[in-house]
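Colleague: Could you walk me through the labels people put on helices and rings? I'd like to hear how each one is earned.

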Amino acid sequence: MKVLLFAWALMLSVGAWAGAYEAALPGKLHTDPDLCAYAPCREVLPAADGFSLRKGNPPYVEAWRGQGAQRALAGYVFLSTDIAEIPGYSGKPLVTLVGMDTAGRIAGVKVLKHSEPILLVGIPEDALVRFVRQYVGRLASDAVRIGKGASGDDADGVDAISGATVTVLAENQAIMRSAYEVAREVGIVKAVARPAAKLAPFHGRMPWSAMLDEGSIERLTVHPSELGMVENGEPYIDMYFGDLVAPDVGRSVLGDAGYERLLRDLKPGEHAIFIAASGVASFKGSAFVRGGIFDRIQVKQDHDSFTFRDRDYLNLYGIEALGAPRVRESGIFIVRDAAFSAAYPWRLVFLANRVDKQTGSKTFENFEREYWLPERMLEGGRPHVAKPEAAWAPVWRAKAWQIAAFALVLLAAAVLYALRDRLARRASHKDYRWIHWPRYALWAVSIGFIGFYLKAQPSVTQVLTWFHSILFRWDWQLFLSDPFVFVFWWFIIVAVFLVGRGLFCGWLCPYGALSEVAYKLAGAIGLKRLQFALPKHWHDRLKWVKYGIFAALLAVSFHSMGTAEKLAEVEPFKTTFLVGVFHRTWPYVVFWGTLLVWAMLSERPFCKYLCPLGAGLAIPSTFRNFALKRKSECDSCHACQKGCGSMAIDNVGRIDPRECLLCLECQVLYYDDHACPPLAKERKHRQKAGLPLTPIGANGYFTPVRVIPIVPARPAAGPQLAPLPVAHPAFGRARWLFEEAKFHLLPWSAGFAGRQGMFKAAGIGLAVAVTIAWLLSGTGRIGPASVIGWWVGWSIYEVASRLVHLPWIKEGRWWGRDFRPGTRADILAYVATKNLVVGALLFAVLHSAGVLGLLGRLESLQWLH
């Protein structure tokens with residue numbers, strides 16, 4: 001163990017990242033007009049001699065070559081985050097500098113900074129450099145996709161970085177979208193005119209609330225917390241906007257006279273929208289001067305962007321609609337581009353500076369809201385609009401057969417496990433082929449197909465990402481971008497709650513299978529005499545190491561996901577399947593080799609003692625739905641315990657679902673009348689008495705020759721500190737729901753009173769505080785660290801309370817009534833899993849019902865913030 005810890009520390013110390021990962025960029029890079037004073041513009045456009053200041057909207061820099069009369073435009077340089085802030089796997093964008101020539105061809109790409117944990121360790125920076133080089137020579141108007149096409153025409157495909165699908169999808173969008181928008185701004189790419197809207201005749205003026213309800217007016221609100229600022233009870237900006245040319249909207253907002261005057265002023269092909277706003281910020285922006293550009297707002301329609309100058313702006317002195325809110329500023333903006341059409345959806349984009357709380361640096365962030373005229377306001381209704389394909393969809397389509405094959409493997413594993421009773425009955429303690437061979441086949445497929453070919457080895461970093469997504473921001477695209485990991489994780493989640501971690505860890509984990517194969521091959525080539533298992537008392541101590549590693553990684557991830565990713569190299573998964581052993585520096589090789597030698601001499605040591613992923617899956621495994629079969633005699637018989645390779649059977653015969661890898665050998669003994677002591681004893685008795693050997697039933701005993709009373713199983717040994725919960729005689733659906741809610745949410749027994757009442761009151765107060773903290777976190781008023789602190793504090797209190805007053809957990813189904821005494825580990829696992837699920841469901845329900853948004857807007861709750 002000391003050798004492993006030393007190798008791990010050495011591996012991390014030499015694996016420090018010195019490239020673009022979290023690079024310290026100049027604070028003025030995103031704001032100073034002289035972009036090229038802070039960015040290596042010549043590296044992405046080598047043909048240029050000089051560069052202008054930032055100009056245009058979206059902003060770009062003109063690049064020139066030559067001097068005097070020979071001076072000529074060489075192209076353009078721009079920063080991707082000035083145009084399209086597309087988050088990667090880390091939730092932060094990759095800051096990328098792009099050069100483009102005058103023909104719209106990309107001349108160079110350089111990643112200045114990224115926060116992708118997958119590129120911190122495991123995948124070298126060269127992989128990212130090679131990836132972005134593929135864009136050199138491509139036109140801004142090209143539809144570049146990730147991966148090669150099945151048709152053989154690979155001109156529009158680029159090779160991905162294996163194992164970093166989310167990262168490359170985000171970078172692909174950032175490069176191509178920013179190039180297209182700059183090319184559109186400078187006139188290289190010409191927009192295609194859309195068919196003009198045919199507006200329905202006037203029906204009547206409408207009140208403000210009715211227009212909001214039907215979507216003829218939309219609302220975009222940005223809070224200070226979304227920009228890294230302190231909340232002060234007032235939105236940063238709260239904007240209402242809509243189409244003014246549609247008669248029902250225009251006459252309602254402007255009145256009849258104002259609407260007629262607007263139509264007279266508009267030229268053919270022009271359109272008008274209005275914006276009315278309140279808050280601490282202005283939509284006019286800092287550059288609103290004569291001849292200037294409104295740099296805070298844009299209108300986007302598909303890939304086309306429409307910006308506004310002072311000549312495109314008209315004052316809006318008042319809103320005529322009944323019930324209109326009081327606003328601080330309002331205006332009318334004229335869209336003069338024929339490419340715009342009110343018949344199609346468009347988006348209002350508000351650009352603001354976001355302040356990084358740690359560095360104080362400012363970056364641009366876009367907030368947008370879609371607008372589409374209601375169908376009744378367009379003659380013939382809304383036209384059919386093909387929505388842009390999600391970035392992850394082509395990945396799934398390109399890998400359709402691999403996904404289907406992978407799903408079949410998972411289905412085969414599920415079917416084989418469902419047939420475990422039949423397989424166990426066919427096997428015996430002298431012939432385990434019926435349960436070994438199916439697992440051997442799955443191990444081979446797992447190592448070769450899932451591990452080395454698909455590179456779909458799950459990792460604890462994905463668990464950490466899920467925690468962050470639940471607490472901060474859920475993004476389905478983040479998970480859908482890697483189809484194999486996405487499918488695998490859904491299978492794992494279902495399997496964990498049905499049968500425990502063992503189906504994945506023992507049957508399908510590529511690294512676990514490799515470890516098992518190494519152990520068996522070592523025994524087959526003559527190393528069996530060197531193989532060993534740790535004494536039970538040492539195993540029972542060391543098995544907690546993996547839980548400590550998992551808890552440490554989770555805690556560190558909330559401080560720094562990059563640091564947590566570094567520490568997650570305790571998993572040798574990347575070295576084995578993603579990068580390759582011989583593509584890593586020597587400390588990684590030493591660490592990997594040490595684990596391999598240990599695996600050859602002891603059965604699955606990494607899985608038992610070090611694997612943080614296994615620990616994360618073990619915690620909810622306490623509540624698997626279907627348990628392995630046991631008999632009442634198992635509390636004193638140690639036959640299965642002696643042969644358990646995962647050492648998951650304790651001294652009273654109970655199988656710990658958190659440690660069990662589902663080898664099923666104990667189930668073979670369960671039905672074996674020559675190996676199971678109670679069965680062997682009954683077999684000998686019957687043979688001696690001349691009684692027939694009847695079939696062995698599902699309960700693990702010979703079918704009775706005559707009807708005999710069933711002796712109830714002896715209860716498991718454990719502290720009898722509180723009365724065991726029992727089902728009520730009239731246990732109806734309503735009472736069941738009440739009892740379930742009481743058991744899962746209140747950690748106190750019915751007789752909890754007296755001098756311990758203060759303890760109870762403290763718990764109730766803490767529970768209320770936790771609830772308020774969750775609600776305020778959803779509105780962005782309390783930081784994530786505060787919420788996590790409350791959650792952990794309540795969980796610790798609940799564990800302490802349940803150990804004293806409700807030391808029971810349910811065996812199997814959460815909704816069942818099969819209780820048993822719980823150990824400390826059982827109660828810890830129960831509380832951690834239950835509170836995480838309750839918290840996630842609470843957020844989902846409150847968010848979908850709009851409660852969180854409502855709370856964020858209520859001035860009466862500002863004192864809570």
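**Rings and helices, label by label**

Modeller: Sure. There are 31 aromatic pairs in the structure, and keep in mind that this is a predicted model.

Colleague: Why is the pair of Phe-308 and Phe-333 called tilted?

Modeller: Look at the planes: they stand 50 degrees apart, with the ring centres 5.1 Å from each other. Stacked needs under 30 degrees and edge-to-face needs over 60, so 50 degrees lands in the rest, which is tilted.

Colleague: What makes this pair a tie between parts of the chain?

Modeller: Phe-308 sits in the loop between β12 and β13, while Phe-333 belongs to strand β14, so the pair links parts 25 residues apart in sequence.

Colleague: How do you know whether Phe-308 is buried or exposed?

Modeller: Buried means under 20% relative accessible area. Phe-308 has 1%, so it counts as buried. Phe-333 has 0%, so Phe-333 counts as buried too.

Colleague: Which residues form an aromatic cluster?

Modeller: Phe-241, Phe-306, Phe-340, Trp-346 and Tyr-371 form one.

Colleague: Now the helices. Why are α11 and α16 called oblique?

Modeller: Their axes cross at roughly 125 degrees, coming within 9 Å. Roughly perpendicular stops at 115 and roughly antiparallel starts over 145, so an angle of roughly 125 degrees makes the two helices oblique. The crossing of α11 and α16 is left-handed.

Colleague: Which residues meet there?

Modeller: Among them are Tyr-440, Trp-443 and Ile-447 in α11, and Pro-510, Leu-514 and Val-517 in α16. The residues of this contact divide into 8 nonpolar, 2 polar and 2 charged.

Methods. Residues are numbered from 1 along each chain as its sequence is written. This is a predicted model: local features need pLDDT of at least 70, side-chain atom pairs count only at pLDDT 80 or more; totals for chains, interfaces and linings use all residues. Side-chain values use heavy atoms; hydrogens and water are left out. Axes are lines fitted to C-alpha atoms, for helices over the stretch in contact, and angles run from 0 to 180 degrees between N-to-C directions. Helices (H or I, at least four residues) and strands (E, at least two) are DSSP runs, numbered from the N terminus. A crossing is left-handed if the near helix is turned anticlockwise from the far one by less than a right angle, and right-handed if clockwise. Contact means heavy atoms within 4.5 Å. Ala, Val, Leu, Ile, Met, Phe, Trp, Tyr, Cys and Pro count as nonpolar, Asp, Glu, Lys and Arg as charged, and the others, Gly among them, as polar. Rings of Phe, Tyr and Trp (its six-membered ring) pair if their centres lie within 6.5 Å; planes under 30 degrees apart count as stacked, over 60 as edge-to-face and the rest as tilted. Buried means under 20% relative accessible area, exposed over 50%, partly exposed in between (1.4 Å probe, protein chains only).
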